[in-house]
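Hi everyone, thanks for making time. Please pull up the structure on your screens, and I'll walk you through it.

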Amino acid sequence: SQKRERSLVVLIIALIGLSIVIAATVGGVLGSRNNEKDNDGGGGGVVEKSEAPAISPMTSFAPSSSSLIPTSSPINSGVVPPSPTPLTNSSTTSPSFSPTLSICYNVDIIIIHDMYPGDTSWTIEQVEPPLPPNDTIVEFSPRNDTNQSRTVCLTRGLYNFTIFDDYPDGLCCEWGIGNYTLVYQGIEGGDEDEEEEEKVIASGGEFIASESTVFSIPYVDLNALRG
């Protein structure tokens with residue numbers, strides 16, 4: 001019976017100690033919660049909402065000129081920029097080229113008519129270089145031309161002079177004493193150093209219906225060349 005009493009006393013003491021530990025633990029937890037409430041302002045257990053931070057009005061933004069410049073260059077992006085077109089001066093005119101004027105050589109046709117000048121006429125035809133058609137008339141004298149002389153200017157080439165009489169009896173000698181002379185004078189307007197001696201290309205008066213002479217410009221005595 002004594003053993004039982006001792007065991008009961010020990011049990012009671014253990015229970016008392018356990019209750020003291022539980023009470024102390026519960027008191028500590030409650031005390032910490034009360035302290036939290038006091039720090040939050042207490043009163044009814046409602047936590048007041050804190051005010052939202054003030055937001056400053058948005059300031060206007062204008063892009064600067066530098067912000068419009070692309071950050072990547074065409075070279076870095078792999079795009080080859082076009083070559084700049086060179087500026088041209090619109091006031092500069094392109095050079096004009098005028099054809100070179102052909103040099104011509106003066107030839108005098110001198111005619112002394114017989115009693116019937118209306119019967120007489122003449123032509124100069126270019127033989128070489130050939131013009132279409134060949135033997136193109138480049139100079140002529142109409143009938144009833146009473147001029148006793150005329151000067152023509154011919155470029156380089158081969159020509160044929162022909163004098164005509166319609167009657168036909170030439171310029172001499174039944175109905176008057178007439179004649180013709182074809183004279184080479186040289187370059188038209190040439191300097192003194194370029195002046196050439198006058199050369200008789202052809203002359204005559206006694207023929208029937210016509211008479212022809214082929215000559216070159218510049219003049220060369222073709223009969224002398226033929227030997």
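Let's begin with V107, whose bridge partner in β8 is Y184. Before I go further, please keep in mind that this is a predicted model. That V107 and Y184 pair belongs to a longer ladder: β1 and strand β8, residues 179–187, run antiparallel and are joined by 8 bridges.

Now look at the other partner of β1. The strands β1 and β4 also run antiparallel, and here 6 bridges join them. If you want a residue pair to click on, N106 stands opposite C153 in β4.

Then go back to β8 and look at β9. These two are antiparallel as well, with 5 bridges between them, and L182 has A202 in β9 as its bridge partner.

Put those pairings together and you have an open sheet of 4 strands, in the order β4-β1-β8-β9, with antiparallel pairing. Why do β4 and β9 each have a side without a neighbour in the sheet? Because they stand at the edges, and each has a single partner strand. From one strand to the next, the twist in this sheet averages 20°.

There is another sheet to find. This one is also open, has 4 strands and antiparallel pairing, and its order reads β3-β2-β5-β10. Its edges are β3, residues 136–141, and β10, residues 210–217; each has a single partner strand, so one side of each is left without a neighbour in the sheet. The twist here averages 20° from one strand to the next.

Within this sheet, let me show you one pairing. Strand β2, residues 120–128, and strand β5, residues 157–165, pair in the antiparallel sense over 8 bridges. A place to look is S121, which stands opposite F164 in β5.

S121 brings us to the spaces inside the model. How many cavities of 30 Å³ or more does the structure hold? The count is 1, and the largest cavity has a volume of about 80 Å³. Its lining includes S121, along with I109, I111, H113, T120 and W122 from the same list. Also on that list are S141, D145, N147, Q148, S149 and R150. The elements that give two or more residues to this lining are β1 (105–112), β2 and β4 (149–154). Of the elements, β2 gives the largest share, with 3 residues.

Next, let's turn to the pockets. The largest pocket holds about 160 Å³ of space. Which elements supply at least two residues each to its lining? They are β9 (199–204), β10 and α2 (222–226). Recall that β9 is an edge strand of the sheet we began with, and that β10 is an edge strand of the other one. If you'd like to colour the lining residues, they are V200, I201, T213, V214, F215, Y219, V220, D221, L222, N223 and R226.

One last stop, on the surface. Please scroll to helix α1, residues 2–39, and find L15, which has its place there. L15 is part of a nonpolar surface patch of about 570 Å². The other residues that make this patch are L8, L11, I12, I16 and I20.

That's the tour. Thanks for listening, and please shout if you'd like to go back to any of these spots.

Technical notes: Residues numbered from 1 in each chain as written. Predicted model: local features only at pLDDT ≥ 70, side-chain atom pairs only at ≥ 80, totals over all residues. Heavy atoms only, no water. Pairing = 2+ DSSP bridges. Axes fitted to C-alpha atoms, helices over the stretch in contact; angles between N-to-C directions. Patch = residues over 30% accessible without salt bridge, like charges linked within 9 Å, V, L, I, M, F, W, Y side chains within 5 Å. Areas by Shrake-Rupley, 256 points an atom, 1.4 Å probe, with all protein chains shown as cover. Salt bridge = Lys/Arg side-chain N within 4 Å of Asp/Glu carboxyl O. 1 Å grid on protein atoms, 1.4 Å probe; cavity = no way out; pocket = protein on both sides within 12 Å on 5 of 7 lines; lining within 4 Å. Points joined across faces, edges and corners; volume = space filled by probe spheres on them.
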